[in-house]
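User: I am new to this structure and would like to learn how to read it step by step. Could we begin with the strands and then go on to the ligand and some single residues?

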Amino acid sequence: MSSNHFGKLLSVTTFGESHGPAIGCVVDGCPPGLELAGDDFVPDLARRASGRSRHTSQRRESDQVEILSGIYQGRTTGTPIALLIRNTDARSRDYDDLLDTFRPAHADYTYWHKYGIRDPRGGGRSSARETTMRVAAAVIAKKWLAQRCGVRVRGYLAQLGEITPQGFAWDAVEGNPFFWPHAAQVPQLEAAMDALRKAGDSVGARVEVIAEGVPPGWGEPIYGKLDAELAAALMGINAVKGVEIGDGFASVAQHGSQHRDELTPQGFASNHAGGILGGISSGQPVRCSIALKPTSSIRIPGRSVNLRGEPVEVTTTGRHDPCVGIRATPIAEAMVALVLMDHALRHRAQCGDVPPQTPRIA
Ligand code: EPS
């Protein structure tokens, strides 16, 4: 009912609030024998963290993972893996003005109506701080997928406001704080973000994730379709307002003769489907992208109401991201990796002994 949990054979439960003592997760269903240590979590948590450039929130958390269970002699034991990260840089006074009102476009209003109580400090449970634990959990999934299945999940920022990449190189993506695939445009992005920050406004973004090496067969008809579960997982990331699989909404204007991915003995002739046919992976790269809305916590005053329903003006101060999309690439990768590992295990459980009858083409 309370939905702090997702996944079937690989499941993740997260807990904690942005300004509570700690956030954490329990990852259950990871097969035994995977080497896992605290250092494994460092790179991806650093990629997601705030305060690593002037273009993100300046809250600086150490994001040090404590592994509380599920590991013996450096390997997973098959039992629940509990991970904990202590919050060390919460500044709750920034939220004093929000005790009595709601930020427009924020979860403040809906949480209040649903629960009748809300932790306004840092947005409480609705804070993007929670995504830290998704990324931590997915470190396990990414490692297992890479080692056991040869699957690599990686993403990049595919649009920032109106700016789109004018070139593409995976090598460029990790070389700038935006996860942008074309290094020559980074000064343009920096200028756009500086202007936005000065104006106290925010902007939306698009992130694309591609999973390579996924074999044919992952995903389940009818209600466990791989694309449906990816969409749900990606849509569940804070600020996400749209998900596309493959060509997504561009498919609307395409003809069947153009959209269909023809099969040849050398492989598929194209990948409009995003690597998923009938809810099951085809063996092509799985391609998804997400639309993130502009952050709701901005300095420009906006109209709202207070708890009594009276009109008020809200201005958000404190440490916020002018574009949450900048930090969303590792989070989107995480959700894709967690869904893929869950489906890999589900496929292995039901169909692991189905013999291949036709050569694989992709
Ligand atoms: C967030 C607001 C800011 C961000 C936070 C997400 O927190 P605070 O107001 O407490 O400084 O820094 O992001 C993180 C702490 C994080 O680790 O991602 C929000 O409103 O969602």
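Analyst: Let us begin with pairing: two strands are said to pair if DSSP finds at least two bridges between them. Please keep in mind that what you see here is a predicted model.

User: How many bridges join β8 to strand β9, and how do the two run?

Analyst: Eight bridges join β8 to β9, which covers residues 205-212, and the two strands run antiparallel. As one detail of this pairing, R152 has E212 of β9 standing opposite.

User: Is strand β8 enclosed or open to the outside?

Analyst: The general idea is to look at the residues one by one, where buried means under 20% relative accessible area. In strand β8, residues 152-160, seven of the nine residues are buried, so the strand is largely enclosed by the rest of the structure.

User: Which residues surround the ligand, and how is that shell made up by class?

Analyst: The ligand is surrounded by H19, R48, S57, R59, Y95, S127, A128, R129, R319, H320 and R327. Sorted by class, this shell holds five charged, four polar and two nonpolar residues.

User: Where do oxygen atoms of the ligand meet side chains, and how much of the ligand does the protein cover?

Analyst: For such polar contacts one looks for pairs of N or O atoms within 3.5 Å. An oxygen atom of the ligand is 2.3 Å from an N or O atom in the side chain of Y95, while for the side chain of R48 the corresponding distance is 2.6 Å and for that of R59 it is 2.7 Å. The protein covers 94% of the 470 Å² of accessible area that the ligand has on its own.

User: Is D94 buried or exposed, and what does D94 touch?

Analyst: D94 sits in the loop between β7 (81-86) and α2 (108-115), and D94 counts as buried because its relative accessible area is 17%, below the 20% cut-off. Leaving aside residues up to four places away in sequence, D94 touches T317, G318 and R319, and R319 is also one of the residues surrounding the ligand. In addition, the side chain of D94 makes a polar contact with the side chain of R91 at 2.9 Å.

User: Where does A250 lie, and how far is A250 from H272?

Analyst: A250 is found in the loop between β10 (240-245) and α7 (256-259), and with a relative accessible area of 43% A250 is partly exposed. From C-alpha to C-alpha, A250 and H272 are 9.5 Å apart in space, although 22 residues apart in sequence.

Note on methods: Residues are numbered from 1 along each chain as its sequence is written. This is a predicted model: local features need pLDDT of at least 70, side-chain atom pairs count only at pLDDT 80 or more; totals for chains, interfaces and linings use all residues. Side-chain values use heavy atoms; hydrogens and water are left out. A residue is near a molecule or strand if one of its heavy atoms lies within 4 Å of it. A polar contact is a pair of N or O atoms within 3.5 Å; within protein, one must be able to donate a hydrogen and the other to accept it, and residues adjacent in sequence count only if both atoms are side-chain atoms. Accessible areas come from the Shrake-Rupley method with a 1.4 Å probe; for residues, only the protein chains shown count as cover. Ala, Val, Leu, Ile, Met, Phe, Trp, Tyr, Cys and Pro count as nonpolar, Asp, Glu, Lys and Arg as charged, and the others, Gly among them, as polar. Helices (H or I, at least four residues) and strands (E, at least two) are DSSP runs, numbered from the N terminus. Buried means under 20% relative accessible area, exposed over 50%, partly exposed in between (1.4 Å probe, protein chains only). Contact means heavy atoms within 4.5 Å.
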